[in-house]
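Dear colleague,

Here is the structure I promised to hand over, and below it you will find my notes on what turned up when I went through it.

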Amino acid sequence: MARLLIIGCGGVAQVAISKCCQNSDVFEEIMIASRTVSKCEAMKEKLQNTTKTVIKTAQIDADDVEALTKLIKDYAPDAVLNVALPYQDLTIMDACLAAGVHYIDTANYEPEDTDDPQWRAIYEKRCKELGFSAYFDYSWQWAYEDKFKDAGLTALLGTGFDPGVTSVFAAYAKKHYFDEIHTIDILDCNGGDHGYPFATNFNPEINLREVSAPGSYMENGKWVEIPAMSIKREYDFDGVGKKDMYLLHHEEIEALGRNMPEVKRIRFFMTFGQSYLTHMKCLENVGMLSTTPINFNGQEIVPIQFLKALLPDPASLGPRTVGKTNIGCIFTGIKDGKERSIYIYNVCDHQECYKEVGSQAISYTTGVPAMIGTMMVVTGQWKQPGVFTTDEFDPDPYMEALNKWGLPWQVVENPVLVD
Ligand code: NDP
C-alpha cells in the first residue's frame with residue numbers, strides 16, 4: 001500500500017524499521033537511508049527473511065538537500081520518516097517539499113552549531129520574547145506551514161512517545177473525559193537499569209543538551225523558567241515504584257500551550273537517579289557538555305561529540321537493560337460541572353522490548369509511535385496539508401494503534417496528583 005523512506009539507522013530508527021516490517025500490509029516497501037550505510041544493510045539482513053516488506057538501503061547525508069531530494073525523487077516514496085537527528089529536520093523538510101512527499105519526525109529542530117551567529121540572533125530574540133532558553137523550539141518548523149499547505153503535503157512533527165503519544169493522550173482526554181482541562185502534568189519515568197555507571201538511553205548529545213538546560217513550564221499562557229533540576233518531586237509509578245523526578249523544559253509543552261490555550265498549567269517531569277545527575281553535573285562542570293569546538297593537538301573537536309564517542313551506544317543497551325518505563329499524563333479539569341482528574345499512561349518492559357525487536361524500551365517507546373504516526377499519514381487518517389503536532393488530529397485511531405502495536409495504555413480515575 002505505501003512506500004516509505006526512513007532516514008537514520010540508530011536506536012529509534014531500528015525499532016521503527018522493525019515495526020514497519022511487522023506492518024507489511026501498510027508498509028509494502030521501505031528504504032533505509034542513513035549516513036553509515038553498513039547499519040542499514042545490517043538491518044536489511046536481519047529483517048528481510050522475516051517480513052513481506054521489501055527493503056532497500058542507501059547511503060545519504062541528510063544535511064545535503066540536493067542529494068536527498070534526488071534520492072527521494074528516485075525512490076518516489078509516499079512519505080519520509082526522519083529518525084536521524086533534530087539537526088536534520090529542516091533540510092529533510094526542504095527535500096520533502098522539493099520532491100513533493102509527506103514528512104514525519106519525532107523531535108523538533110535544534111541546530112548542531114549553537115554558536116552560529118545567524119541562528120543565535122533569532123534564538124536570543126526568542127528567549128527574550130517567549131521566556132524560555134532551550135535550544136529547541138517549534139518556531140523553525142511551524143514557519144513551514146504555508147509551504148506544506150500550498151504543496152498539499154502533511155508534515156507531522158514529534159510522533160515519538162514524548163512528544164508524540166503524550167500529546168495524543170491530551171487530545172484523547174479532551175475528546176472523551178473533559179469539558180475543560182485545567183492542568184496537565186506529563187510524567188516520564190524510566191525505571192530501567194543498564195548496569196553502566198553512566199549512559200544515555202537515546203542519542204547522548206541530544207539527551208544531555210535537553211536535561212542539562214534550565215527547566216520551564218507554562219502557566220496561564222506564559223513560560224516560567226527555573227534553574228536546571230531545581231524542582232524535584234517524588235512519585236510512586238505503577239510498575240516501577242517510587243522515583244525522584246525533576247521538572248524539565250519539553251517540546252510538547254509548547255505545542256499544547258498553543259493548541260489548548262484553555263489549559264492553565266502544563267509541566268513535564270522526568271525521573272533521574274542521583275548517580276546520573278552527579279555524573280552529568282561533573283561532565284558539565286569540566287566542559288564536556290559544551291557544543292563549542294576546541295582545538296586539541298591541532299584538531300578541532302566538539303566536547304559533547306567526543307563524549308558521545310566515549311559513551312555506550314544507546315542502540316547497544318537492549319540486552320543489558322532490565323526494568324520498566326512508565327510514561328503518561330495526569331489531567332485535571334471539569335466534566336459536566338464536576339471536578340475530574342485522570343492519569344493515562346503506558347508501562348513498558350525493557351526486556352520484553354528486547355525480546356521482540358532487540359532494543360531497550362526508550363528506543364521502543366519512540367520507534368513504535370514513529371511507525372504509528374507515519375501509518376496515520378500514509379493511510380490518509382491524519383492527512384491534511386500543513387504542519388501539525390500529534391494533538392491536532394482525531395486521537396482515536398492512534399490510541400487504537402498503540403494497543404495493537406505494543407504500547408497498551410490505561411486510564412486511571414482520581415490518581416495521586418503531583419503538588
Ligand atoms: P542515534 O544517534 O542512535 O541515531 C541517529 C541516526 O541518524 C544514526 O543512524 C546516524 O547515523 C543518523 N544520522 C545522523 N546524522 C545524519 C545525517 N546528516 N544524514 C543521515 N543520517 C544521519 O539517535 P536515536 O535513535 O537515539 O534518536 C533518533 C531521534 O529520535 C532523535 O531525533 C531523537 O531526538 C529522537 N527521540 C525522540 C523521542 C521522543 O519520545 N519523541 C525520544 C528519544 C529520541 P550514524 O549511524 O552514522 O551515526
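Thr374 lies in helix 14, where helices are DSSP runs of H or I with at least four residues, numbered from the N terminus. With a relative accessible area of 0%, Thr374 is buried (under 20% relative accessible area, 1.4 Å probe, protein chains only). Leaving out residues up to four places away in sequence, Thr374 touches Leu4, Phe27, Leu81 and Ile104, contact meaning heavy atoms within 4.5 Å.

Please keep in mind that this is a predicted model, in which local features need pLDDT of at least 70 and side-chain atom pairs count only at pLDDT 80 or more, while totals for chains, interfaces and linings use all residues. Residues are numbered from 1 along each chain as its sequence is written, and side-chain values use heavy atoms, without hydrogens and water.

Helix 14 (residues 361-378) also meets helix 1 (residues 11-22), their axes coming within 7 Å and crossing at roughly 50 degrees; the axes are lines fitted to C-alpha atoms over the stretch in contact, with angles from 0 to 180 degrees between N-to-C directions. The two helices are therefore oblique to each other, that is, outside the ranges for roughly parallel (under 35 degrees), roughly antiparallel (over 145) and roughly perpendicular (65 to 115). Among the residues in this contact are Val12 and Val15 of helix 1, and Tyr364 and Met371 of helix 14.

Finally, the largest nonpolar core (buried Ala, Val, Leu, Ile, Met, Phe, Trp, Tyr and Cys residues joined through side-chain atoms within 4.5 Å) has 93 residues, of which Ile17, Ile30, Phe169, Ile184 and Phe331 touch the most other members. Helix 14 gives the most to this core, with 10 residues.

Best wishes

How values were computed: Buried < 20%, exposed > 50% of the residue type's maximum accessible area, 1.4 Å probe, protein only.
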